[in-house]
Amino acid sequence: DDKENLYLGSRAGNIDGRTFLPFKIIIDELFSTLIGAWLADGCYDKKSILISDPGVKVRLLIKEFAARFGARAKVHSDHVTMMINSKGLRVFFERVLELKGDAYTKRVPEWVFGLDKETTSSLIKGYFNGDGCVKKDEICINSSSRGLLKDFQTLLLRFEIPLRISLNLKKDKTYESRISGSKFLRTFYH
């Protein structure tokens, strides 16, 4: 099929510095984990995708993801944020995948709700890896976007895992949500 050999690229810049996106892009485990990480701690600058404070494992995933598209991933000058330097990927994330908003307005794009369970699980894990923390007998997530938490509540229900969301803002202007109960924690970890 000719579509397998088609790539999209920008006209600007020299050919060595361009990122070429395949015509057909598959949202697999790596891609969905990165989307989850972006929903937790991501933003954009003019020509890059930025994900703040990723752990070592996520840094490696970011580098692997960037390499898949011929882009470069590097640590930002703040020493905590990873950057994927690719205007093409940045535009693709924001305009095609509809990954947009700030800490207060981010939402899970509508198309994500149609993903298969395995891919959805990877996206959820990517998000929890960025915004989640483990407390005694529960997993908590804090977010400034109540809508984003409600979206993850819906995604988790596909796995029969309830996410309880606080109605009140904390002092740091975030909403706290939690998964508790041994049955639900076991399901989440598997």
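Buried means under 20% relative accessible area, exposed means over 50%, and partly exposed lies in between. The exercises below use these cut-offs on a predicted model.

**Exercise 1. A pair within a helix**

Task: Find which residue meets Arg-90 in a salt bridge, and decide whether each partner is buried, partly exposed or exposed.

Solution:
- Step 1. The side chain of Arg-90 meets that of Glu-94 in a salt bridge, with N to O at 2.5 Å.
- Step 2. A salt bridge requires a side-chain nitrogen of Lys or Arg within 4 Å of a carboxyl oxygen of Asp or Glu, so the pair qualifies.
- Step 3. Both residues belong to helix 3, where they stand 4 residues apart, about one turn of the helix.
- Step 4. Arg-90 has 16% relative accessibility and therefore counts as buried.
- Step 5. Glu-94, at 23% relative accessibility, counts as partly exposed.

**Exercise 2. A network of salt bridges**

Task: Work out which parts of the chain are linked by the salt bridges of Lys-135 and Glu-138.

Solution:
- Step 1. The search of the whole structure gives 6 salt bridges.
- Step 2. One of the salt bridges joins Lys-135 to Glu-176, with their closest N and O atoms 3.1 Å apart.
- Step 3. Lys-135 is in strand 7 (residues 132-135) and Glu-176 is in strand 10, so this pair ties together parts that are 41 residues apart in sequence.
- Step 4. With a relative accessible area of 39%, Lys-135 is partly exposed, whereas Glu-176 is buried at 14%.
- Step 5. Glu-138 forms a salt bridge with Arg-178, and here the closest N and O atoms are 2.4 Å apart.
- Step 6. This second pair links distant parts of the chain, 40 residues apart: Glu-138 lies in strand 8 (residues 138-143) and Arg-178 in strand 10.
- Step 7. Glu-138 and Arg-178 are both buried.
- Step 8. Lys-135, Glu-138, Glu-176 and Arg-178 are linked in a network of salt bridges.

**Exercise 3. Cysteines and disulfides**

Task: State how many disulfides the structure has, and explain why Cys-140 does not bond to Cys-133.

Solution:
- Step 1. A disulfide is a covalent bond between the sulfur atoms of two cysteines.
- Step 2. The whole structure was searched, and 0 disulfides were found.
- Step 3. For Cys-140, the closest cysteine sulfur belongs to Cys-133, at 5.0 Å, which is too far for a bond.
- Step 4. The cut-off for a disulfide is a pair of cysteine sulfur atoms within 2.5 Å, so the pair does not qualify.
- Step 5. Cys-140 is buried, at 1% relative accessibility.
- Step 6. Cys-43 is partly exposed, with a relative accessible area of 35%.

**Exercise 4. Two residues with positive phi**

Task: Locate Glu-160 and Lys-173, and decide whether each is buried or exposed.

Solution:
- Step 1. Glu-160 has a positive phi, near 60 degrees, and is a residue other than glycine.
- Step 2. Glu-160 sits in the loop between helix 5 (146-157) and strand 9 (164-165).
- Step 3. Its relative accessibility is 62%, so Glu-160 counts as exposed.
- Step 4. Lys-173 is not a glycine, yet its phi is positive at about 65 degrees.
- Step 5. The loop between strand 9 and strand 10 (175-180) holds Lys-173.
- Step 6. Lys-173 counts as exposed because its relative accessibility is 52%.

**Exercise 5. Two loop positions**

Task: For Val-112 and Lys-136, find the loop, the burial and the distance to a residue elsewhere in the sequence.

Solution:
- Step 1. Val-112 is in the loop between helix 3 and helix 4 (117-131).
- Step 2. With a relative accessible area of 0%, Val-112 is buried.
- Step 3. Val-112 and Ser-32 are 80 residues apart along the chain, and 9.2 Å separates their C-alpha atoms.
- Step 4. Lys-136 occupies the loop between strand 7 and strand 8.
- Step 5. Lys-136 is exposed, with a relative accessible area of 72%.
- Step 6. From Lys-136 to Ser-180 the C-alpha to C-alpha distance is 9.3 Å, while the two are 44 residues apart in sequence.

**Exercise 6. A charged patch**

Task: Name the residues of the positive surface patch, then describe the place of Arg-95.

Solution:
- Step 1. Lys-46, Lys-47, Lys-87 and Arg-95 form the patch.
- Step 2. Arg-95 lies in helix 3 (residues 87-96).
- Step 3. Arg-95 counts as exposed, at 64% relative accessibility.

Methods. Residues are numbered from 1 along each chain as its sequence is written. This is a predicted model: local features need pLDDT of at least 70, side-chain atom pairs count only at pLDDT 80 or more; totals for chains, interfaces and linings use all residues. Side-chain values use heavy atoms; hydrogens and water are left out. Patches are made of residues with over 30% relative accessible area and no salt bridge: like charges are joined within 9 Å, nonpolar side chains (Val, Leu, Ile, Met, Phe, Trp, Tyr) within 5 Å. Accessible areas come from the Shrake-Rupley method with a 1.4 Å probe; for residues, only the protein chains shown count as cover. Lys and Arg count as positive and Asp and Glu as negative; His and the chain ends are not counted. The place of a charge is taken as NZ of Lys, CZ of Arg, CG of Asp or CD of Glu. Buried means under 20% relative accessible area, exposed over 50%, partly exposed in between (1.4 Å probe, protein chains only).
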